[in-house]
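Student: Could you take a close look at one part of this molecule with me, and explain the terms as you go?

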Amino acid sequence: NHFFGFSLAPSAVCAALLSFVSSWLPFQEEPPMAAVDFRSDTVTLPSPAMRRVMAAAPVGDDMFGEDPSVNQLQVEVARLLNKPAAMFVPSGTMSNLIAQLVHCDRRHSEILAGDFSHTVLSEVGNASQVGGIAVREVPTLHDGTLDLDVVRGMIRSADVHHPVTRLLVLENTHNYKGGLVLPVEYLRQARKLCDSHGLAMHCDGARIWNAAVALGVPPHVLAEPFDSISVCLSKGLGAPMGSVLCGSVEFIESAKKTRKMLGGGMRQVGIMASAGLFALENMYDRLAEDHRHAQLLRAGLNKVGLWTTHDVQTNILIVDVSPVSPADFVKACKQRGVLVLGGPLSHTVRMVTHYGIDEADIQAAIAAVGEVVQEFRRSGVLPEAPEGTVPEPKRARLANGSARACGTVYG
């Protein structure tokens, strides 16, 4: 009870030591401001109700097919998409890879996929690296579709010098084209093309739920033209992890073996599957709110002089920030409590609305981004522009979706 020769109570000694130590430790910094996070809909956090469901989930060993929560999830997703069978998978990237490996299970196989697709840009070239599958890039149009006449012309002839084209991959909604939705009739025409040339057809449907809500159709309408479809639970639906791969019974049986080969076999994973079930039941309808918030955000950005490169149909905005560098724009926004990512084009950033962002957050973000724009105008980096107009140099670029992707790509 003595401190440097003085008699002190133990509590006083502790207080003195704490004051001394805290005077030089680095944790004295001010806590960071709460941020509005538009980087991705993957940053959603489980709601309290979802956490309770997860804690109470019945579980078993999924590799033995004995996890009741996983089994229920697979049945439910297969029902929603009107497919015979389904399989729970750790991630959308693994799910897409499994589909490609199953469809292209013979040597000399080739896939056709859009040059701006997540499959081509953001899955580490896995089909080629893991499966030895050739991937041929089809130019992606501004609306996220592939010109089917171009696709037809890229299907390989029966020549000893060529691989065999076996699969067409389409993405719905289209991430790097601003969350645009592929029209139902387009999907049906693509199906006819594949049938006439003996190709299988796979959908990267990570955000298929957003597409269905935007079009006002049941999800199975968008899934029907495809032999297989991968859907995500951890984006707009807000589950912590997981995708579900759907297809025929034979396809899913082969997919299970491929999942095991890739290290995707799981045990008592019903804790996560139960979150997916909760999300499908409770989070699906609220996706329309994310779409509404995206429209509010776009309108607010237009008022401060920023424009999206694509129409906003769902929850993704690709925003032209030129001539400011995306890195500088991201940094300036972060300093004001708004998190965004560099976009898929070299002059853009991406903003995504999702669960956890409300209308007040949207308005606060618009105000913060408006400050960023004014800062760059004062510094002379951004030109002054009359409110409500698109400057001429941008008008041409916004109309042209052919620019190549830059290095920032994401889920």
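Tutor: Happily! Helices (H or I, at least four residues) and strands (E, at least two) are DSSP runs, numbered from the N terminus. With that, we can place T173 in the loop between strand 7 (164-171) and helix 8 (184-197). The peptide bond from N172 to T173 is cis, with omega near 0°. A second cis peptide bond joins S322 and P323, where omega is about 5°. P323 lies in the loop between strand 12 (316-320) and helix 14 (326-335). Another loop, between helix 4 (92-103) and strand 5 (109-114), holds H108. Although H108 is not a glycine, its phi is positive, about 70°. Most residues other than glycine have a negative phi, and most peptide bonds are trans.

A word on the source: this is a predicted model, numbered from 1 along each chain as its sequence is written, in which local features need pLDDT of at least 70 and side-chain atom pairs count only at pLDDT 80 or more. Totals for chains, interfaces and linings use all residues, while side-chain values use heavy atoms, with hydrogens and water left out.

The mean pLDDT (the predictor's confidence in each residue, from 0 to 100) of the chain is 89, and 85% of its residues reach 70 or more. Over residues 1-8 the pLDDT is below 50, and this stretch has 10 contacts (heavy atoms within 4.5 Å) beyond near neighbours in sequence. Residues 12-32 also have pLDDT below 50, with 6 such contacts.

Now for the close look, at helix 12 (residues 270-282) and its partners. The axes (lines fitted to C-alpha atoms, for helices over the stretch in contact, with angles from 0 to 180 degrees between N-to-C directions) of helix 2 (residues 48-55) and helix 12 come within 8 Å and cross at roughly 140°. That angle makes helix 2 oblique to helix 12, because angles under 35 degrees count as roughly parallel, over 145 as roughly antiparallel, 65 to 115 as roughly perpendicular and the rest as oblique. The crossing is right-handed; a crossing is left-handed if the near helix is turned anticlockwise from the far one by less than a right angle, and right-handed if clockwise.

On the helix 2 side, A49, M50, V53 and M54 meet I271, M272, S274, A275, F278 and A279 of helix 12. This contact divides into 9 nonpolar, 1 polar and no charged residues. Here Ala, Val, Leu, Ile, Met, Phe, Trp, Tyr, Cys and Pro count as nonpolar, Asp, Glu, Lys and Arg as charged, and the others, Gly among them, as polar.

Helix 3 (residues 68-81) also packs with helix 12, at an angle of about 35° and with the axes 8 Å apart. Helix 3 passes helix 12 in a left-handed crossing. S69, V70, Q72, L73, E76, V77 and L80 of helix 3 meet G270, A273, S274, G276, L277 and L280 of helix 12. By class, there are 7 nonpolar, 5 polar and 1 charged residues in the contact of helix 3 with helix 12.

Just past this helix there is one more thing to see. Y284, in the loop between helix 12 and helix 13, pairs with W209 in helix 9 (residues 208-215), 75 residues away along the chain. The W209 and Y284 pair is edge-to-face, 6.1 Å centre to centre with 85° between the planes. Rings of Phe, Tyr and Trp (its six-membered ring) pair if their centres lie within 6.5 Å; planes under 30 degrees apart count as stacked, over 60 as edge-to-face and the rest as tilted. The count by this rule comes to 2 aromatic pairs.
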